[in-house]
Amino acid sequence: MLLITMMGHIEFRLMDRFSMSGKLTTEGDITYLESSVNGILSKPKVVITDNTIHLFSKDGSVQLSSSVPKYLVAVDASGSEGAAVAPMTGTIEKVFINEGDHVRAGDPLMVMIAMKMEHTIKAPKDGVIEKILHKEGSQANRHAPLVKFVEDVSQ
């Protein structure tokens, strides 16, 4: 396999059977992948969410995903383990806590609606709610931190 990248352009051959090339282009606020596979041209729309690339064309769509390592799933934006994170992309339906509240591991923090199901987000550890990162009605992406904790020093 030969891979060449130059200023946003990628070209490679796979098993001497496939010759592929492509580059990302932007028109307005829409990103496209101008590509060629064995001489057949295509220009699907590109949407990137978390760790997934979605390609949409007149012939259909495809998703390319990479898994998030388990050691990163429970890490919030500040790098502390045990954060309350969104299990998948969804809408925050109800928030049960306020900033400054003391919580114990397992306490319900909020309810998220995703894929027509309710997901109760629970406190992964004892602590104090320093900041609520998503309010009721807001959209949260998969693995996004929802609440920032600080250690409860009053114990």
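The following exchange concerns a predicted model.

Visitor: Is H134 buried or exposed?

Guide: H134 lies in the loop between β14 (127–132) and β15 (139–140). Its relative accessible area is 15%. Because a residue under 20% is classed as buried, H134 is buried.

Visitor: Which residues does H134 contact, leaving aside its neighbours within four places in sequence?

Guide: With those neighbours left aside, the contacts of H134 include M110. The contact list of M110, drawn up in the same way, includes H134 and L146. In full, the residues in contact with H134 are I92, V95, M110, Q139, A140, A144, P145 and L146.

Visitor: Which strands each supply at least two residues of the largest nonpolar core?

Guide: The largest nonpolar core has 17 residues, and M110 and L146 are among those with the most contacts inside it. The strands that each supply at least two of its residues are β10 (90–95), β12 (108–114), β14 and β16 (145–150).

Visitor: What is the bridge partner of V128 in β16?

Guide: β14 pairs with β16 in the antiparallel sense over four bridges. β14 also pairs in the antiparallel sense with β11 (residues 102–103), over two bridges, and there V103 stands opposite G127. On the β16 side, the partner of V128 is V150.

Visitor: Is L64 buried, partly exposed or exposed?

Guide: L64 is in strand β8 (residues 60–65). Together with I48, I53 and V62, L64 forms a nonpolar surface patch with about 340 Å² of accessible area. Its relative accessibility is 47%. Because that class runs between 20% and 50%, L64 counts as partly exposed.

Notes
Residues numbered from 1 in each chain as written. Predicted model: local features only at pLDDT ≥ 70, side-chain atom pairs only at ≥ 80, totals over all residues. Heavy atoms only, no water. Buried < 20%, exposed > 50% of the residue type's maximum accessible area, 1.4 Å probe, protein only. Contact = heavy atoms within 4.5 Å. Core = buried A, V, L, I, M, F, W, Y, C linked by side-chain atoms within 4.5 Å. Patch = residues over 30% accessible without salt bridge, like charges linked within 9 Å, V, L, I, M, F, W, Y side chains within 5 Å. Areas by Shrake-Rupley, 256 points an atom, 1.4 Å probe, with all protein chains shown as cover. Salt bridge = Lys/Arg side-chain N within 4 Å of Asp/Glu carboxyl O. Pairing = 2+ DSSP bridges.
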